[in-house]
Amino acid sequence: MKIKASSLQTSGGQFIDALKRGESVEITYHGKTLGICKPVDQQEDDRELINSLEFFGMLKDRDLDVAAEMKKIRAGRFPR
């Protein structure tokens, strides 16, 4: 289904109904595609694709503790 960005407010019900039917909804603005909204089950398939790409696994060979790395990042510049 295609829907214009300007008509999203008035045809929100059709937008949701299309997602419930399992259809992807393409949002356009001045004839150009802004984005595609997919139902949740299709997005999970996309996550599997993303996880299989090299870029997202570039640090998988390192033994990193994600929680410790996030704590370092969030610590700020000045120790307390």
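Guide: Helices (H or I, at least four residues) and strands (E, at least two) are DSSP runs, numbered from the N terminus. Gly31 belongs to neither kind of run here, as it sits in the loop between S2 and S3. We're looking at a predicted model, where local features need pLDDT of at least 70 and side-chain atom pairs count only at pLDDT 80 or more, while totals for chains, interfaces and linings use all residues. Residues are numbered from 1 along each chain as its sequence is written, and side-chain values use heavy atoms, with hydrogens and water left out.

Visitor: How many helices and strands are there in the protein, and in what order do the elements run?

Guide: The protein has 3 helices and 3 strands. Start at the N terminus and you'll walk through β-α-β-β-α-α.

Visitor: Back to that loop, then. Why is Gly31 called exposed?

Guide: Buried means under 20% relative accessible area, exposed means over 50%, and partly exposed is in between (1.4 Å probe, protein chains only). Gly31 reaches 71%, which is over 50%, so the label is exposed. In space, Gly31 is 8.1 Å from Lys4, C-alpha to C-alpha, even though 27 residues of sequence separate them.

Visitor: And what makes His30 exposed?

Guide: The same cut-off applies: His30 has a relative accessibility of 69%, over the 50% mark, so it counts as exposed. His30 is in the loop between strand S2 (25-29) and strand S3 (32-37). Its phi is near 55°, a positive value in a residue other than glycine. S2 and S3 form a hairpin with 2 residues between them, and His30 is in that turn.

Visitor: How do you know that S2 and S3 pair?

Guide: Two strands pair if DSSP finds at least two bridges between them. S2 and S3 have 5 bridges, so they pass that test, and they run antiparallel. To see one place along the pair, look at Val25, which stands opposite Cys37 in S3.

Visitor: What about strand S1, how many bridges join it to S2?

Guide: There are 3 bridges between S1 (residues 2-4) and S2, so these two strands pair as well. They run parallel. Ile3 has Ile27 as its bridge partner in S2.

Visitor: What does Ile3 touch, and what makes that a contact?

Guide: Contact means heavy atoms within 4.5 Å. Leaving out residues up to four places away in sequence, Ile3 touches Leu8, Ser11, Phe15, Val25, Glu26, Ile27 and Thr28.

Visitor: Why is the set with Ile3 called a nonpolar core?

Guide: A nonpolar core is a set of buried Ala, Val, Leu, Ile, Met, Phe, Trp, Tyr and Cys residues joined through side-chain atoms within 4.5 Å. The largest one has 5 residues: Ile3, Phe15, Ala18, Val25 and Ile27. Helix H1 (12-20) and S2 are the elements that give two or more residues to this core.

Visitor: Is S2 enclosed or in the open, and how do you know?

Guide: In S2, 4 of the 5 residues are buried, so the rest of the structure largely encloses this strand. S3 is another story: among its 6 residues, the buried count is 0, and S3 is hardly covered. Over the whole protein, 12% of the 80 residues count as buried.

Visitor: What makes Arg21 and Glu23 a salt bridge?

Guide: Side chains of opposite charge can pair when their charged atoms come close. A salt bridge is a side-chain nitrogen of Lys or Arg within 4 Å of a carboxyl oxygen of Asp or Glu. For Arg21 and Glu23, the closest N and O atoms are 2.8 Å apart, so the pair qualifies. Arg21 is exposed at 53%, whereas Glu23 is partly exposed at 30%.

Visitor: How many salt bridges does the structure hold?

Guide: It holds 2 salt bridges. Lys72 and Glu69 also make one: their closest N and O atoms are 3.4 Å apart, within 4 Å, so they meet the definition. Both are in helix H3, 3 residues apart, about one turn of the helix. Lys72 is exposed at 58%, while Glu69 is partly exposed at 31%.

Visitor: Why do you say where H3 lies, in the open or enclosed?

Guide: Of its 9 residues, 0 are buried, so H3 lies largely in the open. Take Met70, which is in H3 (residues 66-74). Met70 has a relative accessible area of 31%, between the two cut-offs, so it is partly exposed. Just after H3 comes Gly76, with a positive phi of about 95°.
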